[in-house]
Amino acid sequence: MPVMIRIRGARENNLRGIDLDLRLGELTVLVGPSGSGKSSLAFDTLHAEGQRRYLEALVGRDRAAGSLRRPNVDAVEGLPPTIGLDQRGAGPSARSTVATAADLAPLLRVWFARAGTLHCPECMRAIEPRGHDEIVAELLELGGRLELDGPVIRRGTADPEAFLEEVVGSGFSRVRLDGEVRRIEEIKAHQLGDRVRIVVDRIRLSNDKRARLQDAVRTTARVGRGVVIARVGEQERTYVDRPYCADCDRTLSALEPELLSWFGAGACRLCQGRGVDAEGATCSDCDGERLSEDARAVRYQGIGFVDLLRRRVAALSAFSGAAERTHVTTPILDELDRRLAILGEVGLSHLALDQAAGQLSAGERQRLRLARHAGGALAGVVYVVDEPAASLDDAEVQRVIRLLRRLVEAGNTVVVVEHHPAVIRAADRVIEFGPGAGQRGGEVIFDGSVDALLAADTSTALWTSGRSRLPESKGRSADGLVKVDGHGLPLGCVLVATGPNGSGKSRLLELAVAVAKEDTRISRVVHADQRSVPRSPRSNAATYSGLWDVMRPLLAATREARIRGFTASSFSVNAKGGRCESCKGSGLRRVQLKLLPDVFLRCPVCDGRRFAADVLDVRWKGLSADELLQGCASDLLPILAGHPHLENHLRALVDVGLGYLPLGQPGHTLSGGEAQRLKLARELARAVKRGAEGTLLVLDDPSVGLHPVDTEVLVRLLDRLADSGATVWMASHHRGLVDWADVELPLTRR
Ligand SMILES: [Zn+2]
Ligand SMILES: [Zn+2]
Ligand SMILES: [Zn+2]
């Protein structure tokens, strides 16, 4: 058993051929500014290689060889299976919900199928199928004179005379008609209705009659097709030995866990469990609840399975905690409680179980997967985790740290990319990449214990130890207030809303945006949150920031382009003409794998270069369209300087800490923080051009995903904007940001 993962000559992206030995069974935190190379090592080298080997083992070397690229590294030795928990990558499938993504759904189905009761969807009567022995035991307890009737439904055109003859021929002599027991020879055929109750046996109950009673119950169930009506005195009980409603003559599906699954037996027949019809409208049969009628009619303590799934994690926890425990349900409930507790630990108590996983923030999705793994029983795995503390309040950060430690204690290796000081301080080992981003990074500049880091002189060391700090507040005062949800938010200065997650910070900001749009003192509202950018593989940093619209005419104006008759739209990824049609200009092809999340592979036609070959021949300042898209703002700025408009866009990207980001980075691979800052960059380029007076910037957690060095750049930029008349309202947990702001608005959990 190796004790080390040995990485030799890692050169992915900007990594400069680094060698590194990672000890197994430790929590290693990789730090450094954005673009310094830590993700290149963690995800693009370590995890990519792990995934490639897994796929190779799964489908064979030959088939795997074409699909997943070998990372640019000389050797990776001693690598256990890896699991990547990043904030990027393909989203979950359309039918995936919190319950399925957290792996709670199977457990909930088993529990509900054991604890719940079938109900007839037509009359909502409880249907509880019993075994014959159970029926016998219950009747014996009653005692007294018993009559057993088997109800028969006479179908369609069957001739009443022939029907009665058949009954007599089967050895029965009485029926119960209009409440009276009558001998068959006494009744006239026309007196028979559609429903006939055949009297199978009459017994005076006592324990020595058990054998006869067993016989009689079996015969009655055969006559009544599963229905046994027992009469003792004037009292009647109807038993069924199968899921059947005798009143409605309706056979139900058996109550098994699969009945509660819209991926299987329980799927609504009309919409096949999607909840919507072919046109995308809510399914008229299940009303969007995805389950069949029978499945929706199952009840436990008056609530249905769909109602159960609508609950939030916290409410479900309370409900299952109070649920009745039997020898059957106790182990299920124990497991359920344990997993719900873990979801609470990672700060997800507020999620409803039926929430679509695709609508969660990237951080929430990641913590959901983290919880799923911490709840499972894997050992000997390398977890590669991207910024698990992003967007969390202090208490939640502590819980995530405990979760990471638990993975380590269970015998796993955890490699985390993180900026949060508390997570860094919890590490067994810290490795810092740097010193800068892009071409100025890619080296290991520190490798050691937390204590050694705190005494070192690297930028992460300075910030983590508190020797570097963000600027203090300038103490600007408000020149007016905007009333939002009972709070007065100041104009002309920097406000930060603080408080734990769930205290309504984001909601307040959303309300503020709506109110501010109506306020005449504010001419422009910019709302940048973590879901700001379209998450499709075709949109990218260059198209979204508006930079590509500036570059396309420059490419089209070159001599080569004019000779070939190209126009600016030939260089568009959103229009036909110049782009590669095989991948529609994304350079990627989505591949669905059975056991893994979807992966995006390089388009084989254009080899990931997005454009047709002759379009790629066109060069501006020596760079082709795909080379421009591969470049990052920091590297391109010196080359492309001298074009004021272009420079403005590139500088804005650098200013918001995205200088390292390749311009063609697809939207679906951006982290939440990157998406937010991309929107900010677009607005900055505009503000620089038109001035910031009357502009309101609303920012949700702007430091998410930023190294302290990058946070400082962002703060200085916002400072400049505020100085020139902009108003900044933000929500944050970041202590330094709070100290820098002019006004703090503390919110509490309601
Ligand atoms: Zn019924
Ligand atoms: Zn339906
Ligand atoms: Zn292509």
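**Zinc sites and a helix pair in the predicted model**

The zinc ion (ligand 1) is held by four cysteine sulfurs, Cys-120 (SG), Cys-123 (SG), Cys-245 (SG) and Cys-248 (SG), at 2.2 to 2.3 Å. The structure described here is a predicted model. The angles subtended by the 4 donor atoms around the zinc ion (ligand 1) run from 106 to 113°, so the arrangement is tetrahedral. Along the sequence, the donor residues of this ion have the spacing C-x2-C-x121-C-x2-C. Distant parts of the chain are linked in this way: Cys-123 belongs to the loop between β6 (118-119) and β7 (126-127), whereas Cys-245 is in strand β14 (residues 244-245), 122 residues apart.

The zinc ion (ligand 2) has as its protein donors Cys-268 (SG), Cys-271 (SG), Cys-283 (SG) and Cys-286 (SG), which lie 2.2 to 2.3 Å from the ion. With angles of 102 to 116° subtended by the 4 donor atoms, the arrangement around the zinc ion (ligand 2) is tetrahedral, because four donors count as such if all angles lie between 85 and 135 degrees. The spacing of the donors of the zinc ion (ligand 2) along the chain is C-x2-C-x11-C-x2-C.

For the zinc ion (ligand 3), the protein donors are Cys-580 (SG), Cys-583 (SG), Cys-603 (SG) and Cys-606 (SG), again at 2.2 to 2.3 Å. The 4 donor atoms here subtend angles of 104 to 115°, which makes the arrangement around the zinc ion (ligand 3) tetrahedral. The donor residues follow the pattern C-x2-C-x19-C-x2-C in sequence. Distant parts of the chain are linked by a pair of these residues, Cys-580 and Cys-606, 26 residues apart. Cys-580 is in the loop between α20 (559-564) and β24 (588-591), and Cys-606 is in the loop between β25 (599-602) and α21 (613-616).

A helix pair was also examined. Helix α10 (residues 313-322) and helix α11 (residues 329-345) have axes that come within 10 Å and cross at roughly 155°. Angles over 145 degrees count as roughly antiparallel, and α10 and α11 are therefore roughly antiparallel to each other. The crossing of α10 past α11 is left-handed. On the α10 side, the contact involves Val-313, Leu-316, Ser-317, Ser-320 and Gly-321. These residues meet Leu-333, Leu-336, Asp-337, Leu-340 and Leu-343 in α11. By class, the contact of α10 with α11 comprises 6 nonpolar, 3 polar and 1 charged residues.

Definitions and conventions:
Residues numbered from 1 in each chain as written. Chains lettered and ligands numbered in written order. Predicted model: local features only at pLDDT ≥ 70, side-chain atom pairs only at ≥ 80, totals over all residues. Heavy atoms only, no water. Axes fitted to C-alpha atoms, helices over the stretch in contact; angles between N-to-C directions. Helix = DSSP H or I, 4+ residues; strand = E, 2+ residues; numbered from the N terminus. Parallel < 35°, antiparallel > 145°, perpendicular 65-115°, else oblique. Left-handed = near helix turned anticlockwise from the far one by under 90°. Contact = heavy atoms within 4.5 Å. Nonpolar A, V, L, I, M, F, W, Y, C, P; charged D, E, K, R; others polar. Donors = N, O, S within 2.8 Å, 3.2 Å for Na, K, Ca; no water. Tetrahedral: all angles 85-135°; square planar, octahedral: opposite > 155°, others 65-115°.
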